[in-house]
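Biologist: Please take a close look at one part of this model and describe it in connected prose. I would like the cut-off behind each term to be given where the term comes up.

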Amino acid sequence: MAASSSSISLLFSNTPRISFPTQDSPFLPLHNATFLKSSPKTGSLSLRLEGVSSINKKKLSCKAVSSTEMAAAEGKKKKVDVFDSKDELAVNLAKYTADLSDKFTKERGAFTVVLSGGSLIDYLRKLLEPPYLDSVDWSKWRVFWVDERVVPKDHEDSNYKLAYDGFLSKVPIPPGNVYAINDALSAEGAADDYETCLRQLVKSGVIDFSEASGFPKFDLMLLGMGPDGHVASLFPGHPLVNEKEKWVTFIKNSPKPPPERITFTFPVINSSAYIALVVTGAGKADAVHKALGTPSDDSNTLPVELVSPAGELTWFLDKNAASKL
Ligand SMILES: O=C1O[C@H](COP(=O)(O)O)[C@@H](O)[C@H](O)[C@H]1O
């Protein structure tokens, strides 16, 4: 991973269910941990860990404080937040997203948000409730997809349909600010067309541009991860994970149906200002462990391990997804 230092933020709604460091702690393989402080009010823990991560094998700072506090206090580029329940995760993801919406709306006059398909959309549900439904300036949102299945927009497999039904139809984002693929085109044509659309929006200043990478710089990407460690439609062992030139590409043999999809490439994903990786369920614990756990000799890098943004990466995990850490 590119980050030179990392932090792990463990958030618990109640008194922590685990104790650090004990032999039977199910969460982190603590080789060396120093207890720093605890908060009786929040039930949070602060720990400094050494030698626990496959990320860079350097000292990690582990604090059970809020994501916002963590970022402000330590300016770290990578955080891992583990939540007791999926509801707790959704509450915190809503605050994280709304805070970034405020920040970018003030700074840039627009907030470019990239959605995934799959389980992610349901975790945006708390944004549909007070205070966010009224407090977020939805008119400034510009919505994109990190990947899309090449099917009609009303098809059950469409990521657009999933997002529309579960989120977009319930917030006042102007329809013209929602950038879906052209579903009348082939996979190749739809990828080219979407990239052309992005280039125009970069030119007009709606999407920021990273001079450092030469790729568009989205304000926030909300990524999911499959049990096999895929992100967007970038699958393990597929040559598309190595694409270095294109902004948007296509796949016609996706191992997960449907087979035809378009996807952002890693250079675009990793040029983002902020990325949230939202991962839940025991079925994803192995891939989470591979990405965040102790180092192993396994040289088969998962796509999720290649998520390494220029900006800030925050993992939102539930306790089941984190169960093998
Ligand atoms: O096929 C896809 O899968 C991933 C993961 O989905 P999940 O339901 O396991 O969260 C998703 O992030 C991607 O956008 C989607 O096209």
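Modeller: Ala232 lies in the loop between strand S11 (220-223) and S12, where strands (E, at least two residues) and helices (H or I, at least four residues) are DSSP runs numbered from the N terminus. This is a predicted model, in which local features need pLDDT of at least 70 and side-chain atom pairs count only at pLDDT 80 or more, whereas totals for chains, interfaces and linings use all residues. Residues are numbered from 1 along each chain as its sequence is written, and side-chain values use heavy atoms, with hydrogens and water left out.

Although Ala232 is not a glycine, its phi is positive, at about 50 degrees. Most residues other than glycine have a negative phi, and most peptide bonds are trans. The bond from Pro257 to Pro258 is cis, with omega near -5 degrees, and Pro258 is found in the loop between S12 and S13.

The strands on either side of that loop, S12 and S13 (residues 261-264), pair in the antiparallel sense over four bridges, pairing being counted if DSSP finds at least two bridges between two strands. Within this pair, Ile251 stands opposite Arg261 in S13. Both strands belong to an open sheet of three, in the order S8-S13-S12 and with antiparallel pairing. Strand S8 (147-149) and strand S12 (248-251) each have a single partner strand and stand at the edges, so one side of each is left without a neighbour in the sheet. From one strand to the next the twist averages 20 degrees; axes here are lines fitted to C-alpha atoms, for helices over the stretch in contact, and angles run from 0 to 180 degrees between N-to-C directions. Across S12 and S13 lies helix H5 (residues 187-203), running at about 165 degrees to S12, with contact taken as heavy atoms within 4.5 Å.

As for the ligand, 15 residues surround it, and Gly117, Ser119, Asp147, Lys256 and Lys284 come nearest, a residue being counted if one of its heavy atoms lies within 4 Å. Ligand oxygen atoms are placed 2.7 Å from a polar backbone atom of Gly117, 3.0 Å from an N or O atom in the side chain of His230, and 2.7 Å from an N or O atom in the side chain of Lys284. The protein covers 92% of the 390 Å² of accessible area that the ligand has on its own.

Conventions. A polar contact is a pair of N or O atoms within 3.5 Å; within protein, one must be able to donate a hydrogen and the other to accept it, and residues adjacent in sequence count only if both atoms are side-chain atoms. Accessible areas come from the Shrake-Rupley method with a 1.4 Å probe; for residues, only the protein chains shown count as cover.
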